[in-house]
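Please open the structure in your viewer and keep the selection tool at hand, since this tour goes from one place to the next and says what to look for at each stop.

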Amino acid sequence: MNAPAPIKSIVAVGAGRMGRGIALAYALRGHAVTLLDFKPRQPADRTRLEADIRQELGATLEQLAELGMFAAQQIDDYLACISIAPLNDAAQVLGQADLIYEGVPETREAKADALGRIGELARPEALIASTTSTMLASDLAPMLSHPERFLNAHWLNPAFLIPLVEISAHPGTSEQTLSRLQSNLESIGKVPVVCGCHPGFIVPRLQTLIMNEAARMVEEGVASAADIDKATRYGLGFRFASIGVLEFIDYGGNDILYHAGQYLSQNLDPERYAVPDIITRYMESGRNGLRSGQGFHEYPVDQQPAYRRDVLARVLGMLDHIGLAPAHAEHFAKETQE
């Protein structure tokens, strides 16, 4: 079997927030990308839309340059990587594409219309990925021809900055499609993760619970919105930026989570804080993470000292990044007291 052709022509279908963000993500790595507007418009409206897109992309790049991400002289080069095409050019643009991202509104009707037309106009070997955050790949795949080339690729906003992209294939997605998309995303500095064909992917399931609970705490008077946000930035968010959620369970001990869950379940809400069966099974079997050598991950005894040092290095790296490393602590304490 011949190796697949390299991905050169990239198209983002839909001129909204996600399409623009994906276009910027590729442009910032020097890749040409076409932003294809999928709505019929009058010539004057098309001209106005393109001007609005160019203005927004230029303003975003100017802000990134001001923040030191790159030199201001590079802005025009990045903008030159992005082409904007109207619906009238869809046949030509999609017919030449190697990778197509669908980013139309989150309704079944809009997805069916877009994917159906994309499937007809794209070459059979072109990769097609929906950026949906709510619909299963298995529900969308029947909407287009050659579903083996289709999967979901959920980018997180702002797409041009957040590294993570959640990939969710359906049972008919080919291995080649999955590996080609992973490799392409990695080539532009993204961090793809693969999740099953289940509602909510990974991040939306986790963050929805967190956001709902934060809102409840404001409603219950647990803390102010400002303090909850501060706790998130300097505690929860900081912690999980340097150590993964399941890794953190292992680091502290699965049994600690078990007992914390039991306490919160009894004192707050028995359903919301119910301890998952897997946590109970792990605790009963002595699979309590780092100190027992096995939890959600494996921790061989001879590798534990190096692992502990790595965790400390990650945390210190994060502290240094936001100016709170020990060398900056005195300055921060003085600043917060003023």
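Begin by selecting aspartate 269, which is partly exposed because its relative accessible area is 22%. Bear in mind throughout that the model is a predicted one. Now add arginine 272, which forms a salt bridge with aspartate 269, the closest N and O atoms being 3.3 Å apart; arginine 272 also counts as partly exposed, with 30% relative accessibility. If you extend the selection to Glu213 and Arg216, you will have one network, in which salt bridges that share partners join these two residues with Asp269 and Arg272.

The next stop is another salt bridge, one of 14 in the count. Select glutamate 56 and arginine 20, whose closest N and O atoms are 2.5 Å apart. Glutamate 56 lies in helix α2 (residues 43-66) and arginine 20 in helix α1, so the pair ties together parts that are 36 residues apart in sequence. Is arginine 20 buried or exposed? Arginine 20 counts as buried, because its relative accessibility is 13%, whereas glutamate 56, at 34%, counts as partly exposed.

Move on to lysine 111 and glutamate 102, where the side chains meet in a salt bridge of 2.6 Å, N to O. Here lysine 111 is buried, at 0% relative accessibility, and glutamate 102 is buried as well, with a relative accessible area of 0%.

Now turn to the aromatic rings, for which the count comes to eight pairs. Select tyrosine 26 and tyrosine 101, which form a tilted pair, 6.1 Å centre to centre and with 45° between the planes. This pair links distant parts of the chain, since tyrosine 26 is in helix α1 (residues 17-27) and tyrosine 101 is in strand β4 (residues 99-102), 75 residues apart. Both tyrosine 26 and tyrosine 101 are buried. For comparison, select phenylalanine 70 and tyrosine 78, an edge-to-face pair with 4.9 Å between the centres and 70° between the planes. Finally, add Trp155 to Tyr26 and Tyr101 to display one aromatic cluster.

Two further rings have a charge placed over them. The charged end of arginine 117 sits over the ring of phenylalanine 38, 4.2 Å from its centre, and that of arginine 287 sits over the ring of tyrosine 282, 4.4 Å from its centre.

End at the surface by selecting Ile202, Leu206, Val245 and Leu246, which make a nonpolar patch of about 300 Å². Within this patch, valine 245 is placed in helix α10 (residues 245-252) and counts as partly exposed, at 37% relative accessibility.

How values were computed. Residues are numbered from 1 along each chain as its sequence is written. This is a predicted model: local features need pLDDT of at least 70, side-chain atom pairs count only at pLDDT 80 or more; totals for chains, interfaces and linings use all residues. Side-chain values use heavy atoms; hydrogens and water are left out. Patches are made of residues with over 30% relative accessible area and no salt bridge: like charges are joined within 9 Å, nonpolar side chains (Val, Leu, Ile, Met, Phe, Trp, Tyr) within 5 Å. Accessible areas come from the Shrake-Rupley method with a 1.4 Å probe; for residues, only the protein chains shown count as cover. A salt bridge is a side-chain nitrogen of Lys or Arg within 4 Å of a carboxyl oxygen of Asp or Glu. Helices (H or I, at least four residues) and strands (E, at least two) are DSSP runs, numbered from the N terminus. Buried means under 20% relative accessible area, exposed over 50%, partly exposed in between (1.4 Å probe, protein chains only). Rings of Phe, Tyr and Trp (its six-membered ring) pair if their centres lie within 6.5 Å; planes under 30 degrees apart count as stacked, over 60 as edge-to-face and the rest as tilted. A charge sits over a ring if NZ of Lys or CZ of Arg is within 6 Å of the ring centre and within 35 degrees of the ring normal.
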